[in-house]
Amino acid sequence: MDFHLGSLLGPVPERVGRLVLLNGTPSSGKTTVAKALQEELAEPFFHCSLDELRGGYQGRHWLQDHGGVLFRRVLDGYLHLLRSLTLLGHDVISEAVITPQMLDHYLALFEGIPVLFVGIRCPLEEVERRERGRTDRMTSAPPLDEPVHAHGCYDLEVDTSVQGPAEVAELISAALANPPVVSAFEQLRGRGRSGGDWRTN
Ligand SMILES: Nc1ncnc2c1ncn2[C@@H]1O[C@H](COP(=O)(O)OP(=O)(O)OP(=O)(O)O)[C@@H](O)[C@H]1O
């Protein structure tokens with residue numbers, strides 16, 4: 001049974017929210033773009049990053065997470081949170097590092113939700129330079145630029161080494177105002193259903 005406490009307090013129009021999914025390697029600039037996009041958009045968009053959710057556990061537990069079980073549980077929690085928020089009517093800006101083996105999971109989890117899939121690109125040298133300058137993480141993240149973009153299908157692609165956050169935010173805002181007739185997620189699902197391998201199509 002659905003349980004909507006908010007509805008008990010007063011009428012809440014039913015709608016499915018939009019999901020802006022920013023996909024890129026660590027330090028490609030996803031969080032920076034997400035915050036600029038919130039500034040750019042007139043309507044309220046909810047932003048939550050995986051790092052914010054990770055902060056729910058104390059640092060000592062992450063140091064002991066050698067098998068990565070805690071990380072995988074938090075990642076699943078993050079993705080289900082995004083799904084729940086959109087199904088409850090929130091427009092959401094989210095961040096992802098989608099390696100090829102994860103893509104089908106994203107396509108299935110967000111079925112029925114309008115996703116604007118944005119590729120946040122940044123050349124390796126610039127990502128490495130940014131990683132060296134970061135003080136908000138205990139270890140540097142490995143560069144993943146090729147794997148995360150291997151599917152080659154987006155609604156919009158940007159390069160944060162040459163396009164500033166405000167410019168990228170304007171492009172995403174324009175894409176939200178004029179969404180594609182067939183979204184990138186629908187195209188990617190179609191590739192899977194036709195039995196083709198999306199890596200070679
Ligand atoms: N367009 C940009 N130009 C220069 N520096 C940038 C730009 N975008 C982000 N940075 C810097 O790069 C670093 C990482 O940025 P950000 O946190 O936005 O990346 P991210 O993709 O969200 O990383 P992660 O996935 O690790 O959370 C920060 O120090 C940020 O100030």
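**Burial, core and ligand shell in a predicted model**

Student: Let's start with Asp155: is Asp155 buried or exposed?
Tutor: This is a predicted model, and the count around Asp155 comes from its atoms. Asp155 has 21 other C-beta atoms within 10 Å. The cut-off for burial is 20 or more, so Asp155 is buried.

Student: Where does Asp155 sit along the chain?
Tutor: Asp155 is not part of a helix or strand but of a loop. The element on one side is helix 8 (145-148) and on the other strand 5, which puts Asp155 in the loop between helix 8 and strand 5.

Student: Which residues does Asp155 touch, leaving out those up to four places away in sequence?
Tutor: Val118 is one of them, and the contact also appears in the list for Val118. Counting beyond four places in sequence, Asp155 touches Leu116, Phe117, Val118, Ala175, Pro180, Ser183 and Ala184.

Student: How far apart are the C-alpha atoms of Asp155 and Val182?
Tutor: Val182 lies in the loop between helix 9 and helix 10. Along the chain, Asp155 and Val182 are 27 residues apart. Between their C-alpha atoms the separation is 9.2 Å.

Student: And Val182 itself, does it count as buried or exposed?
Tutor: Val182 has 10 C-beta neighbours inside 10 Å. A residue with 12 or fewer falls in the exposed class, so Val182 counts as exposed.

Student: Now the core: which element gives the largest share of the largest nonpolar core?
Tutor: That core has 35 residues, and those touching the most other members are Val20, Leu21, Leu22, Val33, Leu37, Phe117 and Val118. Strand 1, helix 2, helix 5 (69-87), strand 3, strand 4, helix 9 and helix 10 (184-193) each supply at least two residues of this core. The largest share, 5 residues, comes from strand 4.

Student: Which residues is Val118 in contact with, leaving aside neighbours within four places in sequence?
Tutor: Val118 is among the residues that touch the most other members of the core. Outside its sequence neighbours, its contacts are Val20, Leu21, Leu22, Asn23, Tyr154, Asp155, Leu156, Val158 and Ile172.

Student: How far apart in space are Leu37 and Ile172, C-alpha to C-alpha?
Tutor: Leu37 lies in helix 2 and counts as buried, with 24 C-beta neighbours inside 10 Å. Beyond four places in sequence, Leu37 touches Val20, Phe45, Ile93, Ala169 and Ile172. Leu37 and Ile172 are 135 residues apart in sequence, yet their distance in space is 7.5 Å.

Student: Which elements are included in what covers the buried residues of helix 2?
Tutor: The residues being covered in helix 2 (residues 30-40) are Lys30, Val33, Ala34, Ala36 and Leu37. Their cover includes strand 1 (19-23), strand 2 (46-47), strand 3 (92-96), strand 4 (115-121) and helix 9 (165-177).

Student: Do the buried residues of helix 9 line one face or fall on opposite faces, and what is their arc?
Tutor: The buried residues in helix 9 are Val168, Ala169, Ile172 and Leu176. Seen down the axis of helix 9, they line one face. On the other side, Ala166, Ala174 and Ala177 are exposed. The buried residues line one face because they fall within an arc of 100 degrees.

Student: What distance separates the end C-alpha atoms of helix 9?
Tutor: Helix 9 has 13 residues, and at 1.5 Å a residue it should span 18 Å. The model agrees with that expectation, since the end C-alpha atoms are separated by 18 Å.

Student: Moving to the ligand, which residues come nearest?
Tutor: The shell around the ligand divides into 3 nonpolar, 9 polar and 5 charged residues. Helix 2 and helix 7 (124-133) each supply at least two of its residues, and the largest share, 3 residues, comes from helix 2. Of the 17 residues around the ligand, the nearest are Pro26, Gly29, Lys30, Thr31 and Thr32.

Student: Finally, what is phi of Ser27 near?
Tutor: Ser27 is in the loop between strand 1 and helix 2, and it is buried, with 23 other C-beta atoms within 10 Å. Its phi is positive in a residue other than glycine, with a value near 70 degrees.

Methods. Residues numbered from 1 in each chain as written. Predicted model: local features only at pLDDT ≥ 70, side-chain atom pairs only at ≥ 80, totals over all residues. Helix = DSSP H or I, 4+ residues; strand = E, 2+ residues; numbered from the N terminus. Contact = placed C-beta atoms within 7 Å. Near = placed C-beta within 6 Å. Nonpolar A, V, L, I, M, F, W, Y, C, P; charged D, E, K, R; others polar. Core = buried A, V, L, I, M, F, W, Y, C linked by C-beta atoms within 7 Å. Expected span 1.5 Å × (residues − 1). Arc of directions from axis to C-beta.
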